[in-house]
Amino acid sequence: MTRWGLIGASTIAREWVIGAIRATGGEVVSVMSTNAERGRDYAQANGIAKSVTSLEDITGDAGIDAVYISTTNELHVEQAIAAAKAGKHVLCEKPLALTISDARAMVHEAKDAGVVLATNHHLRNAGSHRAMRDAIAVGRIGKPLAARVFHAVYLPPHLQGWRLDKPQAGGGVILDITVHDADTLRFVLNDDPVEAVAFSQAGGMGQAGLEDAVMGVLRFRSGVIAQFHDAFTTKFAETGFEVHGTEGSLIARNVMTQKPVGSVVLRNAEGEHELDLDQRNLYEAGLQAFHDAVAGKGRPSATGEDGVWSLATGLAVVKSAATGKAVAIEAGL
């Protein structure tokens, strides 16, 4: 059994990750919050035996095998490196860090320490995206030419906070949502992005100049071009993911979500065919892969290297939106 410490008493841990850890055979033994009262209340509400207030209380605990980091983005690098140095396996929220050099340092430190480092990119665990990847791999749409991602949603009030008012924490829609698009595109297409062009928007939700919507295009090594639209501001939009090839199109709806829902239609010369999807809890699938990797069986769903790629893409989109120029994407691994 993998024994977990939570670094951050977060909403995502409460709503998704604690349950996924337990459902896949792990145990949550401690939670760290710098606010002692919040930590105590969180531990009690979620059935966690211990709450602590310092990083050292987690990394120095011999009863912890792995940590889940869900603090604000600027804190990830210090916390992940400290955990790896202490021999803890690390599951870290996206983006891994705020700079590519910091994200690379996290990957290298984990390798040197011989621990698993994974990025919590849940969408690649969705039955919809796995079915799309498999269909493309066996040639069901011919050669992929273009893709479109609709990931414009409404950020509910209880999640707004730092995402909309703390640029120093890596707030804004690009490092929150566009990085997910980048990872899902890389996974489905089995291809890497090499260039980004984007325009951002301040639609009234983001404070301190933070963007709350963005549109853009990514170009991939193979020549595929992919549109994306991400937002915190669209209350009534649906999400979707499309890949169009020389012999067919894959059209997915309501799939850019934490829930195991949505549909995928294959459209080609023979008509339309809805794909069978292995719908399961996305976080449980990710935690099962993580636990297996800790046991030496396979690799996590999204590795640290995958997290570097999605961060590099997000930072290129940020730069393009700021400069009005096309920006090369270089993960540099």
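**Cavities, a helix pair and some loop residues**

The largest cavity has a volume of about 100 Å³. The model is a predicted one, so to speak of local features takes a pLDDT of at least 70 and side-chain atom pairs count only at pLDDT 80 or more, while totals for chains, interfaces and linings use all residues. Residues are numbered from 1 along each chain as its sequence is written, and side-chain values use heavy atoms, with hydrogens and water left out.

First, the cavities. Rolling a probe the size of a water molecule over the atoms shows where empty space is left. Here a cavity is a set of points, on a 1 Å grid over the protein atoms alone, where a 1.4 Å probe fits but cannot get out, and lining residues have an atom within 4 Å of a point. Grid points are joined across faces, edges and corners, and a volume is the space filled by probe spheres set on the points. Searching the whole structure this way turns up two cavities of 30 Å³ or more.

Thirteen is the size of the lining set for the largest cavity, and among these 13 residues Leu91, Thr119, Asn120, Gly286 and Ser301 are the closest to its centre. Two elements, β6 (117-119) and α9 (282-294), give two or more residues each to this lining; helices (H or I, at least four residues) and strands (E, at least two) are DSSP runs, numbered from the N terminus. The top contributor to the lining of the largest cavity is α9, with three residues. By class, this lining has six nonpolar, seven polar and no charged residues. In this scheme Ala, Val, Leu, Ile, Met, Phe, Trp, Tyr, Cys and Pro count as nonpolar, Asp, Glu, Lys and Arg as charged, and the others, Gly among them, as polar.

The second largest cavity holds about 40 Å³ of space. Its lining is made up of Ala80, Ile81, Ala84, Val90, Met106, Glu109, Ala110 and Leu117. Helices α4 (76-85) and α5 (100-113) each put in at least two of these residues. Seven residues of this lining are nonpolar, none is polar and one is charged.

Next comes a helix pair. Helix α6 (residues 127-137) and helix α8 (residues 173-189) have axes that come within 8 Å and cross at roughly 40°. That crossing makes α6 oblique to α8, since angles under 35 degrees count as roughly parallel, over 145 as roughly antiparallel, 65 to 115 as roughly perpendicular and the rest as oblique. The axes are lines fitted to C-alpha atoms, for helices over the stretch in contact, and angles run from 0 to 180 degrees between N-to-C directions. On the α6 side, His129, Arg130, Met132, Arg133 and Ile136 meet Thr184, Phe187, Val188 and Leu189 of α8, where contact means heavy atoms within 4.5 Å. The contact of α6 with α8 comprises five nonpolar, two polar and two charged residues.

His121 sits in the loop between β6 and α6. His121 is buried, at a relative accessible area of 2%; buried means under 20% relative accessible area, exposed over 50%, and partly exposed in between (1.4 Å probe, protein chains only). Apart from neighbours within four places in sequence, His121 is in contact with Lys94, Val179, His180, Asp183, Ala302 and Ser310. Lys94 also takes part in a cis peptide bond, the one leading to Pro95, with omega near -15°. Pro95 itself is in the loop between β5 (89-92) and α5.

Two asparagines have a backbone feature to report. Asn190, in the loop between α8 and β8 (193-201), has a positive phi of about 50° although it is not a glycine. The relative accessible area of Asn190 is 60%, so it is exposed. Asn254, in the loop between β12 (249-253) and β13, has a positive phi of about 60°, again without being a glycine. With 36% relative accessibility, Asn254 counts as partly exposed.

Glu270 belongs to the loop between β13 (263-268) and β14 (271-274) and is exposed, with a relative accessible area of 78%. Its C-alpha atom is 9.5 Å from that of Gly248, 22 residues apart along the chain.

Finally, Leu315 is part of helix α10 (residues 304-323). Leu315 counts as partly exposed, at 22% relative accessibility. Not counting residues up to four places away in sequence, Leu315 touches Leu98, Thr99, Ile100 and Leu175. Between Leu315 and Ala84, 231 residues apart in sequence, the C-alpha to C-alpha distance is 25 Å.

Methods. On a 1 Å grid over the protein atoms alone, a cavity is a set of points where a 1.4 Å probe fits but cannot get out, and a pocket is an open set with protein on both sides within 12 Å along at least five of seven lines; lining residues have an atom within 4 Å of a point.
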